[in-house]
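Morning, everyone. Please put the structure up on the screen, and we'll walk through it together.

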Amino acid sequence: MLARPETRRCTECGLPYGAAGFACYHGDIDQGPAYWSDRGILCSPKCSLAHWKRRDADGSLPSVPAADPFLLDQPPFRRR
Ligand SMILES: [Zn+2]
């Protein structure tokens, strides 16, 4: 199987998923990101808050929680 470039990035700052400093659920990259929205993944509490404030300011906050973006993918996303 061919390796693929990392296409998942923080929607706020562009940090690639898996890079140093990207917050993962329980600190485990195999469990996916710790933060996300309906528009993508977020790398940190700082970017999560910035994303929420920006969405609040432009009136685009969603009314329901976003689905886990990694659970939507089939087959499950894996990074080794
Ligand atoms: Zn970020």
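Start with Leu42. Find it and look around it. Setting aside neighbours within four places in sequence, Leu42 is in contact with Cys10, Thr11, Glu12, Pro33, Tyr35, Trp36, Ser37, Cys47, Ser48 and His51.

One caution before we go on. This is a predicted model. The mean pLDDT of the protein chain is 86. A score of at least 70 is reached by 81% of the residues. Confidence is highest in helix H1, residues 45-57, at a mean of 97. Confidence is lowest in helix H2, residues 69-72, at 76. Where pLDDT is low, don't read the predicted coordinates in detail.

Now the layout. The protein chain has 2 helices and 2 strands. What order do the elements run in, from the N terminus on? The order is β-β-α-α.

Back to Leu42, and to the core. Which residues make up the largest nonpolar core? There are 9 of them: Cys10, Tyr17, Phe22, Tyr35, Trp36, Ile41, Leu42, Cys43 and Cys47. Two elements give two or more residues each to this core. They are strand S1, residues 35-37, and strand S2, residues 40-42.

How much of the protein chain is buried? Of its 80 residues, 19% count as buried.

Next, Pro33. You heard that name among the contacts of Leu42. Pro33 sits in the segment before S1. Is Pro33 buried or exposed? Pro33 is buried, because 23 other C-beta atoms lie within 10 Å, and the cut-off for buried is 20 or more. What does Pro33 touch, not counting residues up to four places away in sequence? The list is Tyr17, Ala23, Cys24, Tyr25, Ile41 and Leu42. Take Tyr17. Pro33 and Tyr17 are 16 residues apart in sequence. In space, they are 7.8 Å apart, C-alpha to C-alpha.

Contrast that with His26. His26 also lies in the segment before S1. But His26 is exposed, because it has 8 other C-beta atoms within 10 Å, and exposed means 12 or fewer. Check its backbone too. His26 has a positive phi, about 55°, although it is not a glycine.

Last, the contacts of the whole protein chain. Take those between residues at least 6 apart in sequence. Of these, 45% join residues at least 24 apart.

To recap: Leu42 belongs to the 9-residue core, Pro33 is buried, and His26 is exposed.

Key
Residues are numbered from 1 along each chain as its sequence is written. This is a predicted model: local features need pLDDT of at least 70, side-chain atom pairs count only at pLDDT 80 or more; totals for chains, interfaces and linings use all residues. A nonpolar core is a set of buried Ala, Val, Leu, Ile, Met, Phe, Trp, Tyr and Cys residues joined through C-beta atoms within 7 Å. Helices (H or I, at least four residues) and strands (E, at least two) are DSSP runs, numbered from the N terminus. Two residues are in contact if their C-beta atoms, placed from the backbone, lie within 7 Å. pLDDT is the predictor's confidence in each residue, from 0 to 100.
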